[in-house]
Amino acid sequence: MRYIITECKKINKGRVDIVLDGRIRFWLYTAEARQLSLEEGKEISEEQYQQILQGIIGKRAIKRAMHILECQERTEYQLREKLMQGAYPKEAVEEAVDYVRKFHYLDDERYARTFIHYHQKERSKKRLELDLMKRGVPKDTIKLCIEEEFETDEKEQICHWLEKKQYTKDTADQKERAKMYQFLARRGFSHSDIMSVLR
């Protein structure tokens with residue numbers, strides 16, 4: 001198999017944006033591209049692509065993944081998204097994800113447990129579930145972690161929000177009650193819990 005370099009243009013920080021067959025994109029430093037004689041319109045073999053992928057881009061993707069996780073813990077989904085933004089090809093992204101997972105630098109269950117533990121005082125179970133789903137944590141992992149980690153009374157959480165919003169049940173009119181109900185519902189609290197506390 002052979003690839004055509006359909007794009008080869010300089011971008012910031014002395015890097016070159018290279019596109020093969022209009023679909024595979026990666027970045028190399030200008031000196032690397034020059035050394036490999038990569039230029040628009042040129043053909044490269046599968047063997048040459050694999051050498052670039054394994055010898056340069058793959059190693060770089062692993063280092064980048066380690067750096068990302070060093071700064072902040074992330075889910076697999078978030079790490080993949082971050083690496084894709086850095087123009088790493090899919091194969092390099094998967095290799096980097098496999099590497100950091102193998103050494104337990106990446107662990108969705110640990111991430112979910114930490115997230116629940118840290119945010120459960122102000123977020124309902126439903127809100128935590130939605131937030132973790134947005135971060136790409138599998139549903140079964142979320143369910144398990146919420147069952148084992150969530151210890152907060154949701155009615156107490158609602159009372160906390162009422163206090164924080166300076167809402168007074170005795171003096172609130174219907175419009176204020178409706179506004180507060182909507183606020184709490186958006187945070188994932190159940191109808192029965194909200195009404196129980198608001199009454």
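Me: Which residues of helix 2 and helix 3 meet in this predicted model?
Reply: From helix 2 come Ala-61, Arg-64, Ala-65, Ile-68 and Leu-69. Helix 3 answers with Leu-79, Lys-82 and Leu-83.

Me: How do the residues of that contact divide into nonpolar, polar and charged?
Reply: The helix 2 contact with helix 3 has 6 nonpolar residues, no polar ones and 2 charged. Ala, Ile and Leu count as nonpolar, Arg and Lys as charged.

Me: Why is helix 2 called oblique to helix 3?
Reply: Helix 2 (residues 46-71) and helix 3 pack at about 125 degrees, with axes 10 Å apart. Roughly perpendicular covers 65 to 115, and roughly antiparallel needs over 145. The angle fits neither class, so helix 2 is oblique to helix 3. The crossing of helix 2 past helix 3 is right-handed.

Me: What makes Glu-76 buried or exposed?
Reply: Glu-76 has a relative accessible area of 17%. Buried means under 20%. Therefore Glu-76 is buried. Glu-76 is found in helix 3 (residues 76-85).

Me: What does Glu-76 touch, not counting residues up to four places away in sequence?
Reply: Glu-76 touches Val-97, Arg-101, Leu-106 and Asp-108.

Me: Why is helix 8 oblique to helix 10?
Reply: The axes of helix 8 (residues 154-164) and helix 10 (residues 191-198) cross at roughly 55 degrees and come within 10 Å. Roughly parallel needs under 35 degrees, and roughly perpendicular starts at 65. The angle falls in neither class, so helix 8 is oblique to helix 10. Helix 8 passes helix 10 in a right-handed crossing.

Me: Which residues make the contact of helix 8 with helix 10?
Reply: Helix 8 supplies Glu-154, Lys-155, Ile-158, Cys-159 and Leu-162. Helix 10 supplies Asp-193, Ile-194, Ser-196, Val-197 and Leu-198. They divide into 6 nonpolar, 1 polar and 3 charged.

Me: How do you know that the buried residues of helix 8 line one face?
Reply: The buried residues are Glu-154, Gln-157, Ile-158, Trp-161 and Leu-162. Seen down the axis of helix 8, they fall within an arc of 145 degrees, so they line one face of the helix. In an α-helix there are 3.6 residues a turn, so residues three or four places apart point the same way.

Me: What do the buried residues of helix 8 pack against?
Reply: They pack against helix 6 (125-134), helix 9 (174-186) and helix 10.

Me: Which exposed residues sit on the face of helix 8 turned away from its buried side?
Reply: That face carries Glu-156 and Glu-163. Exposed means over 50% relative accessible area.

Definitions and conventions: Residues are numbered from 1 along each chain as its sequence is written. This is a predicted model: local features need pLDDT of at least 70, side-chain atom pairs count only at pLDDT 80 or more; totals for chains, interfaces and linings use all residues. Side-chain values use heavy atoms; hydrogens and water are left out. Axes are lines fitted to C-alpha atoms, for helices over the stretch in contact, and angles run from 0 to 180 degrees between N-to-C directions. Helices (H or I, at least four residues) and strands (E, at least two) are DSSP runs, numbered from the N terminus. A crossing is left-handed if the near helix is turned anticlockwise from the far one by less than a right angle, and right-handed if clockwise. Contact means heavy atoms within 4.5 Å. Buried means under 20% relative accessible area, exposed over 50%, partly exposed in between (1.4 Å probe, protein chains only). The arc is that of the directions from the helix axis to the C-beta atoms.
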